[in-house]
Structure formats: structure tokens, C-alpha cells
Amino acid sequence: MLKKITTAASVVLLSALAACSGGQSPAGAGGAITMGFAQVGAESGWRTANTKSVQEAAKAAGIELKFSDAQQKQENQLKAIRSYIQQKVSVIAFSPVVETGWDTVLLEAKRASIPVILTDRAIDSDDTSLYRTFLGSDFVEEGRKAADWLLANSQGQVNVVELQGTTGAAPAIDREKGFAEKIAARPDIKVVASQTGDFTRSGGKQVMEAFLKSTPKIDVVYAHNDDMGLGAIEAIKAAGKVPGKDIRIITVDAVRDGMQALANGEINFIVECNPLLGKQLMELTKKVLAGQQVPARVVTEEGTFTSEQARAALPTRQY
């Protein structure tokens, strides 16, 4: 009897020691991994490709994926993240709709010992311990690349209208910042009108229609994503102008529809933003749960495209 009691006590003690050895979940020790992924929505071709990449990569990695679509509303993402915490998932990953307002819910995840990985979009928080890493693009650099092309391919007075992404979203803030930073070297390049099209094709069309009515002379459209640029093309054509010639267009993303418009000469230049983050996300997840050190930021490698380059790339384009 004494031997049985001693054995039982040893099991309890070992269990307690294991529970106190850094809070590693069973998944981190080689058990099943469950990921709660809170997606922004399905506002663009880029986002659709991004979702597909995450879903396919999770399946290939043997990770159970719990997926939610926030429909571009922060309150929906907050609700989804809290649901994942209640379900005690192994890890939470999400692309934040906007930069601010995440500290409280991410502190809840931290207290529940559930690591968080940011994908595609960063957050604005002084407490970097609330998430383990950020996987995504350098949006400021994307804005700079867009401006570099304009600087190299324009002379004299240039009136630019800017189709911004969702207000408060990291890519909208950063792509505007990078572009403005570069064109500051040329006082003759001016952003004469700027408004959000919410990253949607319909939003881009609607805003461009308003710009064409309110702004006498437009030389260039700078759209924060392809979909808004494609919407602008519709509005420009409806106004009897030729996109790519009468009004030049610069966009960010390089999804298939945008690349086709670029190949056709309706868009003049595209800065790439790679949506295929799924494989890297799953690799980071396994490292985090295994207790390995990961970089605070993992930046994806991306390029730029002219019309000629788009025609060459389209036959093998994955998105």
C-alpha cells in the first residue's frame, strides 16, 4: 500500500513539475496542433489566395485549422479570437483588420498560454510580448517602390489620386507613408485627392468616379491594391478615357487579374505583395510550439512588374 501511495505521489509531482516548466502545450511536445485563424475577410483576389494558401498548408502540415471570416470588421475578429481562447487551441494566427485595439484580447490569450502569430498585417502596440512573431510584407517599402517607378517615369507636373485601403489598416497606413516619403523629393508630383476604397473593386470604382468628377486633371492613379485599381479602370473607361495612357495606374499586389490588366497595358506598374504565406506560417507555428526561438519579424521577398514582365510571368502565376 505504501508503495502505491508513493508511486501516485510521484506521478502527481512529476505532472506538476511538467506543468511549471515553461507552459509548453502538449502540441509543442509533439501532440496534435490546433490553429485558430481569424481572417480579415474576402475583400480581394489577394485575400482569397491568402486564405487558400493557409488552408492548404495547414492540411499538408497535419494541423487542424479552425477558420473564421471577419468580413472586415474588428469586432468579428475579437469575437473569433476569444472563441479560440475558450476552445483552448494550440496557437492563434490572424491578419488584423486595423492596427489598434488588440491589447486586451491578446493579453487574454497570453494569460491562457496560447501563443499568437500575426500574419500579413502588424498591430500598433507597445507590448510586443503579446505576440511571438509577425509574418508578412514591408508595406512601407511597397509604397516606396511604387513611388520609385513614378519618379523614374515622369517629368514636370504630375497630379496623383490615391485609392487608399481600409482606414486604420497597416497596409493602407504604410503604403501611403512609403509613397509620400519618396515623392517628397519631387515637389511637382502632388497627391491631389485621396480616399479609401476599402481594398475592394467596387470601392475603387466608386471613389474613382467621384475623383473624375471633382478633379479637373488626373495624371496618375496610385491604388493600394490591384482590386481598387481594377475598379478605377472601369470608372476611367466609363468616363471615355483610356486607362494606362490617358491616366496611368500603379497598384500593389500582383494577383492574376491585376497582372492581366498590366499585361494588357491598362495598368502601368505593379508592386508585388505575396499572399502565399501558408507554408511559412505552419513552419513558424511548429517552431513556436516546440519552444524554439523565432525572429520578431519575418519579411517575405517580393518584386515588381512592368507590362512586359507580367506577360512573361502570367503562364506560371500561382495566384
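How many bridges join β9 to strand β10, and which way do the two run? There are 4 bridges, and the strands run parallel. One pairing to look for is Asp253, whose bridge partner in β10 (residues 269–272) is Glu272.

Before I go on, a word about what's on the screen. This is a predicted model, where local features need pLDDT of at least 70, side-chain atom pairs count only at pLDDT 80 or more, and totals for chains, interfaces and linings use all residues. Residues are numbered from 1 along each chain as its sequence is written, and side-chain values use heavy atoms, with hydrogens and water left out. When I say helix or strand, I mean DSSP runs (H or I, at least four residues, for helices; E, at least two, for strands), numbered from the N terminus.

Okay, the sheet. It's an open one with 6 strands, in the order β7-β6-β8-β9-β10-β12, and the pairing is mixed. Two strands count as paired if DSSP finds at least two bridges between them. At the edges stand β7 and β12 (304–305), each with a single partner strand, so one side of each has no neighbour in the sheet. In general, strands pair through backbone hydrogen bonds, either parallel or antiparallel.

Now find helix α6, residues 170–183. Its 14 residues reach 20 Å from first C-alpha to last, close to the 20 Å expected; that expected span is 1.5 Å times one less than the number of residues. Several of its residues are buried, including Arg175, Phe179 and Ile183. Buried means under 20% relative accessible area, exposed means over 50%, and partly exposed is in between, with a 1.4 Å probe and protein chains only. What do the buried residues of α6 pack against? They pack against α5 (139–152), plus the strands β6, β7, β8 and β9. Contact here means heavy atoms within 4.5 Å.

Next, empty space. A search of the whole structure turns up 1 cavity of 30 Å³ or more, and the largest cavity holds about 100 Å³. α2 and α6 are the elements giving two or more residues to its lining. That lining has 13 residues, with Trp46, Arg47, Arg175, Phe199 and Asp253 nearest the centre. So Arg175 turns up twice: it is one of the buried residues of α6, and it lies by the cavity centre.

How are these spaces found? On a 1 Å grid over the protein atoms alone, a cavity is a set of points where a 1.4 Å probe fits but cannot get out, while a pocket is an open set with protein on both sides within 12 Å along at least five of seven lines; lining residues have an atom within 4 Å of a point. Grid points are joined across faces, edges and corners, and a volume is the space filled by probe spheres set on the points.

The second largest pocket has about 240 Å³ of space. Of its 14 lining residues, the closest to the centre are Gly45, Thr48, Ala49, Gln318 and Tyr319. Helix α2 gives the most to this lining, with 6 residues.

Gly45 leads us to Asp227, in helix α8 (residues 226–238). Asp227 touches Gly45, among others, including Ser44 and Phe199, leaving aside residues up to four places away in sequence. Asp227 is buried, at 7% relative accessible area.

Last, two loop residues with positive phi. Gln72, between β2 and α3, has phi near 65 degrees and is partly exposed at 22%. Asp120, between β4 and β5, has phi near 70 degrees and is buried at 3%.
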